[in-house]
Each structure stands twice: as C-alpha cells, then as structure tokens.
Amino acid sequence: TNPDCYSDDKLFAIKLRDAIEKNPQYYFATSLILNNDGSVQKTCRRNLMNFSNAISESFSLEKFGFSKINRDILEIENLPEISEVPAFSGALFFAKKDVYFSVGGLSEEYFLHVEDMDLCMKIFQKGGKIAFVKNAIIKHSLSTSDVSSKFLEFHKAKGVVIYLNKFFPWTNFPILKQIISSGIWLRYYLKTWR
C-alpha cells in the first residue's frame, strides 16, 4: 500500500485476505480506491497494457473510441462483491508473501510508474487472476510527491518503453522499436514542454 492510502474500514485487510483464501483462482486482490473527495480513482480497475492501449493513452485517443488502459468506473456499480480484473493500481494490492515472490514481485527495472503493470502481466503469465473487492474501500491522496510533473512523466515514458520491450518482443525489431520509442518520447516532450 502507498503511504498516502488510508481506510476507515477496520475489516479492510480481512476482506482482501478472504477474497483470495476463499477463491484460490485469485493470486492477488485489490480494492475500490477513492480520491479524497470520494470520487473513484480511474486507475483502480485496469486492462493489461499492450501496444494498442499504450499508444491510445499516450495520445489521448480513448475519447475517440480507441482501446484504453483504465476500465470504465461506471461499470463498478453493477459488479458483484468480488470480480476479476486484469490489472490494478500500484497504490494498493494484497497477496500472500509466497505467491507474491512466486510471480517475481515488483521489478526493479522501473524507477517510478509501470512496475504495477509489469507485476500484473507476470501474474497473468503465471495463470493467476486478480480479485477486485468492491466493498473494500480505501482512499488514496494523489500528487503528494515533491518531485516535478516533468520528472514523473519522464519515468512514466521510460517505464512504458521498458515494459513494451520486455513483454512484446516483436517491438524490438529496429525500425518498429524506433517508431514506438519515438512516439512515446514525443508524447513526453509535448506534455512537458512549456
């Protein structure tokens, strides 16, 4: 859990534990994550990052109907208490220690950002599933870091490049790799240039 997360629910951790103990297909569990104002954080339910949704998100193409990483928060209302989700936000996840290490844990290849998506991809590759526990609720304060947005965006772009090269080997063909990397870094410069 990030240090800027908190829950008023004394049973919060028990709900996550029970989700994986009573449903062995789930390797990890995550919860409903709210902003301080009570709105849902869009990153609490995610699709696994792939080439398509990474590019879509990099250039804000989701609004034109392209694939997206974050799932629609309006879907949450109709979900059962426990449901499957492909990926979670690194702000909060729960797993048994042995399961965490059996899938490889968080990778040190990333300085900031994308390490959570890397972990979710490793869970998927091991045949595991992730439980989204709707009635376990936590609040997460965003933007509590003292570093600049330019610094964060730099490491996010770098993380996406590492992730795509790691899990999608076809992106390593020299010309394609150059196009993909150029697109991701172009997005970084456009977003941070002032």
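This report describes the nonpolar core, the largest pocket and one buried residue of a predicted model.

The largest nonpolar core has 49 residues. Among these, F28, M49, M117, Y163 and L164 touch the most other members. Seven elements are listed below, and each supplies at least two residues of this core.

| Element | Residues |
|---|---|
| α1 | 12-21 |
| β2 | 26-34 |
| α3 | 97-102 |
| α4 | 115-125 |
| β5 | 129-140 |
| α5 | 149-167 |
| α6 | 174-192 |

Y163 can be followed further. Leaving aside neighbours within four places in sequence, Y163 is in contact with M49, Y110, V114, M117, D118, M121 and F168. Two of these partners, M49 and M117, are also among the core residues that touch the most other members.

The largest pocket holds about 1400 Å³ of space. Its lining consists of 46 residues, and T43, R46, H113, L142 and K156 are the closest to the pocket centre. Helices α2 (51-58), α4, α5 and α6 each supply at least two lining residues. The largest share, six residues, comes from α5. Sorted by class, the lining has 16 nonpolar, 16 polar and 14 charged residues.

N53 lies in helix α2. This residue counts as buried because its relative accessibility is 3%, and buried means under 20%. The side chain of N53 reaches the backbone oxygen of L48 at 3.0 Å. Apart from neighbours within four places in sequence, N53 is in contact with N47, L48, S67, K68 and I69.

Notes: Residues numbered from 1 in each chain as written. Predicted model: local features only at pLDDT ≥ 70, side-chain atom pairs only at ≥ 80, totals over all residues. Heavy atoms only, no water. Core = buried A, V, L, I, M, F, W, Y, C linked by side-chain atoms within 4.5 Å. Buried < 20%, exposed > 50% of the residue type's maximum accessible area, 1.4 Å probe, protein only. Helix = DSSP H or I, 4+ residues; strand = E, 2+ residues; numbered from the N terminus. Contact = heavy atoms within 4.5 Å. 1 Å grid on protein atoms, 1.4 Å probe; cavity = no way out; pocket = protein on both sides within 12 Å on 5 of 7 lines; lining within 4 Å. Points joined across faces, edges and corners; volume = space filled by probe spheres on them. Nonpolar A, V, L, I, M, F, W, Y, C, P; charged D, E, K, R; others polar. Polar contact = N/O pair within 3.5 Å; in protein donor to acceptor, adjacent residues only side chain to side chain.
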